[in-house]
Structure formats: C-alpha cells, structure tokens
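Biologist: Could you take a close look at one part of this model with me? I am curious about strand pairing, and about which residues stand opposite each other.

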Amino acid sequence: MDVNKKWLSIPKDIRKKLLKNVFCVNCLGAVEITSYIIEEHEMGIVLKGKCKNCGHDVARVVEDV
Ligand SMILES: [Zn+2]
C-alpha cells in the first residue's frame, strides 16, 4: 500500500496525537513534528521531520495496526 494512503487510513484524531508526540533528543521530551515526510519502514511507516520547538531532526515509527 502507498505510504500516504497508509498514513491517511489512520483516524485523524490518532494522527494528530502521533504528530504531537514525537521524541526530540535535543528537547529531551515529546514535541510536535513539522515539515515531515512519510516513508516505508519495516514496522509500518516512519514520519521524518523537524522538531517544532528547536528544528532538530526527529522521526517517529508508526507500527502497522
Ligand atoms: Zn527539539
């Protein structure tokens, strides 16, 4: 399945929560991801983007449900 379709198949409220709960190694906590792209991952899909607070690279794996 196309990664974007996979991502969009996740309910909108869950997607919102995932986007706002990405770990940033620079902020040492959960941050919001911005300017992200979606790629395939062995576990499902992975969001790759920037920390909204500091601009550090962040990524979050979203496992297949
Ligand atoms: Zn950060």
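Modeller: Happy to! Let me begin with the whole chain: among contacts in the protein chain with a separation of 6 or more, 35% are between residues 24 or more positions apart. Two residues count as in contact if their C-beta atoms, placed from the backbone, lie within 7 Å. This is a predicted model, and local features need pLDDT of at least 70, side-chain atom pairs count only at pLDDT 80 or more, while totals for chains, interfaces and linings use all residues. Residues are numbered from 1 along each chain as its sequence is written.

The protein chain has two helices and five strands, and along the sequence they follow the pattern α-α-β-β-β-β-β. Helices (H or I, at least four residues) and strands (E, at least two) are DSSP runs, numbered from the N terminus. The radius of gyration, taken over C-alpha atoms, is 11 Å, which agrees with the value near 11 Å for a compact globule of 65 residues; the globule rule is 2.2 Å times the number of residues to the power 0.38. Along the principal axes, the C-alpha atoms fill a box of roughly 35 × 25 × 15 Å.

Now to the sheet. It is open and has three strands in the order β3-β4-β5, with antiparallel pairing. The edges belong to β3 (33–41) and β5 (57–63); each has a single partner strand, so one side of each is left without a neighbour in the sheet. From one strand to the next the twist averages 25°, with axes being lines fitted to C-alpha atoms (for helices over the stretch in contact) and angles running from 0 to 180 degrees between N-to-C directions. Strands of a sheet pair through backbone hydrogen bonds, either parallel or antiparallel. Here, two strands count as paired if DSSP finds at least two bridges between them.

Let us follow the sheet from β3. Seven bridges hold the antiparallel pair of β3 and β4, and a hairpin of two residues joins these strands. Two places to look at along this pair are T34, which stands opposite K50 in β4, and E40, which stands opposite I45 in β4.

On the other side of β4, seven bridges join this strand to β5, again in the antiparallel sense. One position to look at is G49, which faces V58 in β5. The hairpin of β4 and β5 has five residues between the strands, and G55 takes a positive phi near 85° there.

K50 makes a good stopping point in β4. Leaving aside neighbours within four places in sequence, K50 is in contact with T34, S35, G55, H56, D57 and V58. K50 has 18 C-beta neighbours inside 10 Å and so counts as partly exposed. A residue is buried if 20 or more other C-beta atoms lie within 10 Å of its own, exposed if 12 or fewer, and partly exposed in between. K50 and S35 lie 15 residues apart in sequence, yet 6.2 Å apart from C-alpha to C-alpha.

S35 itself sits in strand β3 and has a positive phi of about 50°, although it is not a glycine. Most residues other than glycine have a negative phi, and most peptide bonds are trans. With 9 C-beta neighbours inside 10 Å, S35 counts as exposed.

In β5, have a look at A59. A59 is in contact with V46, L47 and K48, once neighbours within four places in sequence are left aside. A59 has 15 C-beta neighbours inside 10 Å and is therefore partly exposed.

Finally, here is how the sheet residues meet the core. Of the 65 residues, 11% count as buried. The largest nonpolar core has seven residues: V22, C24, V31, I33, L47, C51 and V58. Both β1 (22–24) and β4 (44–51) supply at least two residues of this core. By nonpolar core I mean a set of buried Ala, Val, Leu, Ile, Met, Phe, Trp, Tyr and Cys residues joined through C-beta atoms within 7 Å. Beyond its neighbours within four places in sequence, V31 is in contact with V22, C24, C51, K52, N53 and V58.
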